[in-house]
Amino acid sequence: MRQHLTAAGLLAMAAACANAYGQTGTTIYGDFDEYLGIIRSSSGAQVTGLNDGAILRSRLGFKGGEDIGGGYRITFTLEQGIGADSGSAADATRLFDRQAWLGVVTPVGEFRAGRQNTQVFYIGGAIDYTERTTFGSMFNTFGVPSRYDNDLSYKSPRLAGLQLDLHYALPENTAAANNKGVWQLALDYQNGPWRTGYAGVLATPNRATATVRERIEYHNVYLNYQYGGGKIYLAAGRSNNSTANANGANAGAILSLVGSPNNFFAGTDANARRYYNLWELSADYRVGPAFRVGAMVGGAHDTSGGGASVRSANVGAYYDLSKRTQLYGFASVMKNDDAAGFRFSSSAAPSANLAGDDINGRRLTGLQLGILHRF
């Protein structure tokens, strides 16, 4: 017995020493978000379904790190998307499709390497009251470049309210000599009730394949003001990251929403010459401790003069059942110009969606009723 106690005591002491020095730990986290969605077109077509993720796409994640002394800490995140309505992997070709990176926090900032979310993706909570994820968000409808493989990044400390982020996603493929990779720059400033900033993505086409030399750009600026009962959100953007496909006149992104394969950008899509100016204004108000309401209007203007503009509006409400569980509902409307073919898609895209003549030049209405549980 004495030998067992001694061994156990030694193990306990070793663990305590390791914990005191290394401060190693891993957190398992995630969420389930399911909603009943109804989309109706002015053509008379309608789709109804139980879908994943009106606010947050469902996921399972692991994050943690280790203090290694001297103000340095190793960090990591592994995150897998899940279709809560079916239990399937969001991307069957990957084990961790949302994030897979390793980093080090230093006295001069944090450095990361791996598959990472874009800064445009991270600032969703500064774009509008829905965190840029619902049917009614114009930025969500247009599509946001969300994450890239082989991404190297640096995040500065926040100094006098200002923080800088830089990213470069390496062009790892057989034609890498002709590739430029994907660059990102973001600035975020916070001071009292005010928050403002910029986030951008820039990709240059492969020199060996490009017949359209336009770079794909995504620029976003935002301004928030926290008042007594809620927050006001103003956002504007400019991008040429919209293409035509079999689903509709504007129902696709030239750069994949989850990153082009090996960050390869062929440069063969003539739609890259069409730039859009995006805007959105929204506000929310906390009616009570557990109840919040909001509304927004927005649009995307086709600056090429091709008549492919779109406008949108939305109202919504959230009710907190607990600190981790929330009920929500949104009603949205979107009106395509004659040459436009946008549809409710991107982050909150239903598994079955309208396409073609049911969205091109059409007016769409959408309803989302759901529940979100974080763990």
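**Figure 1. The low-confidence start of the chain.** Over residues 1-22, pLDDT stays under 50, and the model has six contacts there beyond four places in sequence. Keep in mind that this is a predicted model. Where pLDDT is low, the predicted coordinates should not be read in detail. For the chain as a whole, pLDDT averages 91, and 92% of the residues score at least 70.

**Figure 2. A nonpolar patch on the surface.** Which residues make this patch of about 710 Å²? They are Trp194, Leu223, Tyr225, Ile232, Leu234, Trp279, Leu281 and Val297. Three elements give two or more residues each to the nonpolar patch: strand 12 (216-227), strand 13 (230-239) and strand 16 (276-288). Take Leu281 as one of the patch members. Leu281 sits in strand 16, and its relative accessibility of 42% makes it partly exposed.

**Figure 3. Two rings that link two strands.** Here we zoom in on Trp194 and Tyr225, which are both part of the nonpolar patch. The structure holds 15 aromatic pairs. In the pair made by Trp194 and Tyr225, the ring centres are 4.6 Å apart and the planes meet at 45°, so the pair counts as tilted. Trp194 belongs to strand 11 (residues 194-203) and Tyr225 to strand 12, so their pairing ties together parts that lie 31 residues apart in sequence. Are these two rings buried or partly exposed? Trp194 is partly exposed, at 44% relative accessibility, and Tyr225 is partly exposed too, at 32%.

**Figure 4. More aromatic company: a pair of sequence neighbours and a cluster.** There are 15 aromatic pairs in the structure. Among them, Phe121 and Tyr122 meet edge-to-face, with 6.4 Å from centre to centre and 70° between the planes. Tyr122 has a relative accessibility of 38%, so it counts as partly exposed. Then there is a cluster: Tyr129, Tyr318, Tyr328 and Phe330 are linked by ring pairs.

**Figure 5. Ala210, a buried residue in a loop.** Where does Ala210 lie? Look in the loop between strand 11 and strand 12. Ala210 has a relative accessible area of just 10%, and buried means under 20%, so this residue counts as buried. What does Ala210 touch, once you skip its neighbours within four places in sequence? Its contacts are Pro205, Ala266 and Gly267. As for Ala249, it lies 39 residues from Ala210 along the chain, and the C-alpha atoms of the two are separated by 22 Å.

Note on methods:
Residues are numbered from 1 along each chain as its sequence is written. This is a predicted model: local features need pLDDT of at least 70, side-chain atom pairs count only at pLDDT 80 or more; totals for chains, interfaces and linings use all residues. Side-chain values use heavy atoms; hydrogens and water are left out. Patches are made of residues with over 30% relative accessible area and no salt bridge: like charges are joined within 9 Å, nonpolar side chains (Val, Leu, Ile, Met, Phe, Trp, Tyr) within 5 Å. Accessible areas come from the Shrake-Rupley method with a 1.4 Å probe; for residues, only the protein chains shown count as cover. A salt bridge is a side-chain nitrogen of Lys or Arg within 4 Å of a carboxyl oxygen of Asp or Glu. Helices (H or I, at least four residues) and strands (E, at least two) are DSSP runs, numbered from the N terminus. Buried means under 20% relative accessible area, exposed over 50%, partly exposed in between (1.4 Å probe, protein chains only). pLDDT is the predictor's confidence in each residue, from 0 to 100. Contact means heavy atoms within 4.5 Å. Rings of Phe, Tyr and Trp (its six-membered ring) pair if their centres lie within 6.5 Å; planes under 30 degrees apart count as stacked, over 60 as edge-to-face and the rest as tilted.
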